[in-house]
Every structure is written in structure tokens, then in C-alpha cells.
Amino acid sequence: HLTFQEYLAARALGARKEEEQRERLLLQPKLYHPDWREAVLLLGGVLHRQSPMRVDAMLSSILDGLGGAAGLPAQARCFGLLGAVVRDLGPVGYRPCDPRYPRLQEAVMGIFDPVRS
């Protein structure tokens with residue numbers, strides 16, 4: 001079953017050190033690949049059970065990978081993924097602590113504001 005496989009992949013990634021997670025997920029094209037989306041979302045939950053700081057580290061690593069000069073399409077793709085992780089963790093009260101997250105949210109959501117767009 002695919003959902004079970006995705007959960008096991010998330011558990012396997014969650015059991016690794018942050019550096020290994022970054023290498024296996026962030027430095028390879030898996031992060032935004034549709035086949036890995038659910039595993040990334042489940043990874044957020046796995047990491048939160050270990051410590052909310054591990055989720056913060058994952059989100060910060062993803063934001064590091066985005067870079068400072070990313071265009072709006074890359075920002076929107078990144079925010080879509082991070083927003084889904086944050087939404088899934090909403091019931092446990094998780095809030096990202098990286099100050100780049102609200103700035104990214106503001107930049108991406110600006111496309112829906114008639115004045116800013």
C-alpha cells in the first residue's frame with residue numbers, strides 16, 4: 001500500500017541525523033517530486049513527535065535551499081510545500097520559528113492582492 005510505504009519512508013528519514021535528511025531529501029530532486037510529497041508531509045509529523053525543533057530544522061533547510069534570489073514560481077512551490085506541512089501540524093499547535101517563513105508567505109500571497117500584484 002502506497003500510504004504505508006510513504007509513512008515508512010518518512011519514518012526512515014526521520015530516524016536519520018539532520019545532515020543525512022538534508023542530503024537524502026533536499027539535495028536531490030525528491031523534495032518537490034509529486035511521488036515524495038506525502039512522504040515529506042508525513043516526515044513533518046514524524047519529526048514533530050521527536051521534537052518541534054526538528055521540524056524547524058527541516059523547514060529552515062528547505063528555506064536555505066530556496067535561496068535569496070529565487071523567483072516567484074520557486075517561492076510559490078516552496079511555500080505550497082511548507083504551508084502544507086504547517087497546516088498538517090496545526091492541530092498540535094506547531095508554528096514555524098524561522099523568520100523567513102512569514103516573509104515567504106507574504107511574498108507569495110501578494111499575488112492575490114490587487115494592489116501588490
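Here is a short chat about side-chain pairs, burial and contacts in the predicted model above.

Colleague: Before we dig in, what kind of model is this?

Modeller: Residues are numbered from 1 along each chain as its sequence is written, and side-chain values use heavy atoms, with hydrogens and water left out. Local features need pLDDT of at least 70 and side-chain atom pairs count only at pLDDT 80 or more, while totals for chains, interfaces and linings use all residues, since the model is predicted.

Colleague: Fine. How many salt bridges does a search of the whole structure find?

Modeller: A salt bridge here is a side-chain nitrogen of Lys or Arg within 4 Å of a carboxyl oxygen of Asp or Glu. With that rule, the search of the whole structure gives 4.

Colleague: Which residues are linked in a network of salt bridges?

Modeller: Arginine 100 meets aspartate 64 at 2.7 Å, N to O. That pair links distant parts of the chain, with arginine 100 in helix H6 and aspartate 64 in helix H4 (residues 52–66), 36 residues apart; helices are DSSP runs (H or I, at least four residues), numbered from the N terminus. Aspartate 98 also bridges to arginine 100, with the closest N and O atoms 2.7 Å apart. The network is therefore made of Asp64, Asp98 and Arg100.

Colleague: Is aspartate 98 buried or exposed?

Modeller: Buried means under 20% relative accessible area, exposed over 50%, and partly exposed in between (1.4 Å probe, protein chains only). Aspartate 98 has a relative accessible area of 11%, so it counts as buried.

Colleague: And what is the N to O distance between glutamate 20 and arginine 16?

Modeller: Glutamate 20 is partly exposed at 28% relative accessibility, and arginine 16 is partly exposed too, at 29%. They form a salt bridge whose closest N and O atoms are apart by 3.2 Å.

Colleague: Next door in the sequence, which residues does glutamine 21 touch, not counting residues up to four places away?

Modeller: Glutamine 21 sits in helix H2 (residues 18–26) and is buried, with a relative accessible area of 7%. Contact means heavy atoms within 4.5 Å. Leaving out residues up to four places away in sequence, glutamine 21 touches Leu13, Gly14, Arg16, Leu26, Leu47 and Arg54.

Colleague: On to aromatics: why is the pair of phenylalanine 79 and tyrosine 101 called what it is?

Modeller: A search of the whole structure finds 1 aromatic pair. Rings of Phe, Tyr and Trp (its six-membered ring) pair if their centres lie within 6.5 Å, and planes under 30 degrees apart count as stacked, over 60 as edge-to-face and the rest as tilted. The rings of phenylalanine 79 and tyrosine 101 have centres 5.7 Å apart and planes at 35°, so the pair is tilted.

Colleague: Where do the two rings lie, and how many residues apart in sequence are the parts they tie together?

Modeller: Both phenylalanine 79 and tyrosine 101 are buried. Phenylalanine 79 lies in helix H5 (residues 72–88) and tyrosine 101 in helix H6 (residues 100–109), so the pair ties together parts whose separation in sequence is 22 residues.

Colleague: One more in helix H5: which residues does alanine 84 touch, not counting residues up to four places away?

Modeller: Alanine 84 lies in helix H5 and is buried, with a relative accessible area of 1%. Not counting residues up to four places away in sequence, alanine 84 touches Arg37 and Leu41.

Methods: Helix = DSSP H or I, 4+ residues; strand = E, 2+ residues; numbered from the N terminus.
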